[in-house]
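Biologist: I am new to this structure and would like a close look at a single part, the place where chain A meets chain B. How many residues does the contact take from chain A and from chain B, and which residues supply the buried area?

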Amino acid sequence: LTHTLSSIVQAIGGSLVGEDLLVERLSPLETAGPGSLSFVNHGRYARYIQETGASALLVPPALSSVAAQRVRGHIVADDVYLYFARLTQHWRSCERLAAGDAGAPAVHPLACVSPRARLAPDVDVGPFAVIEAHAELGAGARIGAHCHIGVGARVGARSVLRPRVVLGDRCVIGSDGLLHSGVVIGADGFGFAPHSGGQWEKIEQMGAVRIGDHVEIGANTCVDRGALDDTVIGNGVKIDNLVQIGHNVRIGDHSALAGCAGVAGSAVIGAYCTVGGGAVVLGHLTLADRVHVSAASVVMRSIAQPGHYSGVFPLDDNASWEKNAATLRQLHRLRDRIKQLERQT
Amino acid sequence: LTHTLSSIVQAIGGSLVGEDLLVERLSPLETAGPGSLSFVNHGRYARYIQETGASALLVPPALSSVAAQRVRGHIVADDVYLYFARLTQHWRSCERLAAGDAGAPAVHPLACVSPRARLAPDVDVGPFAVIEAHAELGAGARIGAHCHIGVGARVGARSVLRPRVVLGDRCVIGSDGLLHSGVVIGADGFGFAPHSGGQWEKIEQMGAVRIGDHVEIGANTCVDRGALDDTVIGNGVKIDNLVQIGHNVRIGDHSALAGCAGVAGSAVIGAYCTVGGGAVVLGHLTLADRVHVSAASVVMRSIAQPGHYSGVFPLDDNASWEKNAATLRQLHRLRDRIKQLERQT
Amino acid sequence: LTHTLSSIVQAIGGSLVGEDLLVERLSPLETAGPGSLSFVNHGRYARYIQETGASALLVPPALSSVAAQRVRGHIVADDVYLYFARLTQHWRSCERLAAGDAGAPAVHPLACVSPRARLAPDVDVGPFAVIEAHAELGAGARIGAHCHIGVGARVGARSVLRPRVVLGDRCVIGSDGLLHSGVVIGADGFGFAPHSGGQWEKIEQMGAVRIGDHVEIGANTCVDRGALDDTVIGNGVKIDNLVQIGHNVRIGDHSALAGCAGVAGSAVIGAYCTVGGGAVVLGHLTLADRVHVSAASVVMRSIAQPGHYSGVFPLDDNASWEKNAATLRQLHRLRDRIKQLERQT
């Protein structure tokens, strides 16, 4: 599958400078070779242009003249990274057309679809998928092999569930979503009342999960159903792999959570937030819009101000860490000793 | 589906004060409306009673007179939270009856059940489930779609496996358990012997996993089989989503582990313990009964005394964190400087 | 199933001292009983030999005389732990033969295999597995129930996929690998370009995942496909459960990552490294060969020197932790106060 630079410009925009070259793959600058189209995002990478083996480049206006010295044709775009994102989408959709993947969608004969489910006419359902009663699949929805769509669950138009996704009873995902393999939406929240004897009495989780439009959720991530009300994920939210979202959490539009993050029950995360990989947000907290939490940091109090927050023990060679960690356990007493010294001086 | 307050009192206990109202849903105090039954657990939430839109309330004796001023009927119970838990169970079971879910259990014609498996007469097995030879399903066990029950594995009476649970060969779960989607019981423990050359030689994991009665395990959680002996989970243990339990771990009765926690191989956790979300317990440690580990804390030594233990880097704005983290790496030398000052003063 | 000590020595090596006893199980020293074969690795465990109930022992040369006093027969081997690993493999393969598991491999009639897939003649495919077009299964590959092998994906000779593994389109695993249940290879990397408005534009992930030979990957672990180039896992790598490997990560030969670890996108980990449970490696970093990261530590900078690195907040009783954590947030100012005192003194 090859593209001309002009066909790309026609599909996505930008302007072509130099020859209308044929390109056959997208490559990072450093591993690019003949036939590769690569992109340079920032002026600080300009020097790599001199060394790249790419045949063609995608650059911002400020790098156009440098690019022209190295390759016979390049594309100029204002926001190169955004352009690149759209280029990958264009490329992928051309690949699909070429491969015939875009053939007629169909319900696989080995799927198990309740006669009481409602399927739009052009949905695709893979082998061994199970669609329970009263479930609804919107126009163009694609349900992968081994998926399980619970009773009364709903999948919006054009949403894609990769193989082996569980969407629990009454849970809802909007349009244009993408759920990766192993995702579990709508398992029970972790709710138990303590007996006086120290045992736990199950609180049935009566709520569901409501997910907005244009949401992507990574492999093996879990979003629990609410205890009484629903767990709610806003529009445009992006969640990476192996993330845990507890019951009754609410995540505002266009926030992004990286891999292995955990958000405990009833936490509220604003819009346009980012949560780094492995970070933890404790339960019942509220994070304002545009709060950014560093990877592996633990949020233990609500955050009312937008900003960038961190809390990670710095890595050190093991011997130094042991000394510093041991001292850290006496830090409060060290402070008292400093006070004492200040009094004496 | 509606309930009268008197039917609830008849089923669960407590006492009805005022009118025998009809309620149609359970709601949190703050989002309750007409037809809602809400609960108030503590005196400190008494003021919210004034503002709630709920039609009926569940309160402790001390709040009965306040409740009577706001709603025309309420239920009084000694332990409101425990009562609420049982109410959700009652509500759910009435829903199931009404929906006809409690119809005759059956082995789905699209399940793959070994003729050498032993199934109690009233088990339920979903489509595309696989039950291997010598597996045993107890009376009333419910095996969801896409589950895999290994050779010689056993599921106790009334235990429920949601869609897509793996119970490995020879692994056992007791009665009245609940395993959520994506759970993997009995994958191999992480055991390798180092070659002199730095390569790894597999240690076959010969043990299994034994899980007690009344255990709940959350979505995508893993419990590995033991190396020689078994991994053992006690009665009444509750484990949240995405938790990792290593080989040969033993967890005492009625302990609870929150989401994303990790317990490394051969650790022993006592009874009535709690492990917070994202906390890590290193291998070969022993935690006494009634040890409580805060979220995101790392247990690096055995704990012999019951109590509450923590160890988390406090979150701060990123600039402050950077300064403090840099200083932390010199903490040991700071201590030496304080000593030096003390000597001089 | 029983073994004589001589049959073990014949299969694996070492030397038999004393009687050629019959043993029927492998047991840890402390729970061993009649019929048990146990091993002692180090001289420091010599005293446990006096108390063990094992019938037979596996010991290093230095412990042979102590062993001879306690049991009537023992095996002597130079590297006991490595010997033990091979013994478990031998034991397991004898069990399989005895159980008839090693019967003729076959494609289960309830598997869904594309006519355009290429299967070596002696592969085993479980019920409800899906093998897509152009997928290739090498000689002796075993694909468990509910697995999904994507378009053009390849499984090397003798590799085993336990039930419910997803191997995405065009992803490759070499020979003699073992993927545990719930593994997802080849979900999309977490790649989005920010719009000026704060929304996210999907970057299609065009790369794949390439996994070497003799690799084991634990339950519910995820390895994402690369954005443009591939994500690469070297030969002999061992990865535990619930680990996240981001897009374009490269892991060198024979490295091992423990449970719940996370490696962010484009990080490069050398050969013979170990990453402890719950540790996090941030994106775009490079770790040299033979770097060892402690459990729950966070790697925030590249590491050029082999060695052992740590960074974990020490656990304490909760009250002490609260005091020390509060003081830690003023650490930078404490340092300034020390400086001030030094100036004054």
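Modeller: A:Asp316 forms a salt bridge with B:Arg329, and the closest N and O atoms of the two are 3.5 Å apart; a salt bridge here is a side-chain nitrogen of Lys or Arg within 4 Å of a carboxyl oxygen of Asp or Glu. Across the interface of chain A and chain B the rule finds six salt bridges.

Before going further, please keep in mind that this is a predicted model, in which local features need pLDDT of at least 70 and side-chain atom pairs count only at pLDDT 80 or more, whereas totals for chains, interfaces and linings use all residues. Residues are numbered from 1 along each chain as its sequence is written, chains are lettered from A and ligands numbered from 1 in the order in which they are written, and side-chain values use heavy atoms, with hydrogens and water left out.

The interface of chain A and chain B also holds 28 residue pairs in polar contact, both residues being at pLDDT 80 or more; such a contact is a pair of N or O atoms within 3.5 Å, where within protein one must be able to donate a hydrogen and the other to accept it, and residues adjacent in sequence count only if both atoms are side-chain atoms. On the side of chain A that touches chain B, at least two residues each come from β21 (192-194), β22 (200-202), β37 (298-299), β38 (307-310), α5 (318-328) and α6 (331-344) of chain A, where helices (H or I, at least four residues) and strands (E, at least two) are DSSP runs numbered from the N terminus. Of the elements on that side, α6(A) gives the most, with six residues.

As for your first question, the contact (heavy atoms within 4.5 Å) takes 71 residues from chain A and 68 residues from chain B. The size of an interface is often given as the accessible area lost when the parts come together. Chain A and chain B bury about 5,800 Å² between them, with 66% of it on carbon and sulfur atoms; this buried area is the accessible area (1.4 Å probe) that two parts lose on being put together, summed over both. Within the area that chain A buries against chain B, A:Phe190, A:Trp200 and A:Leu228 supply 12%, more than any other three residues.
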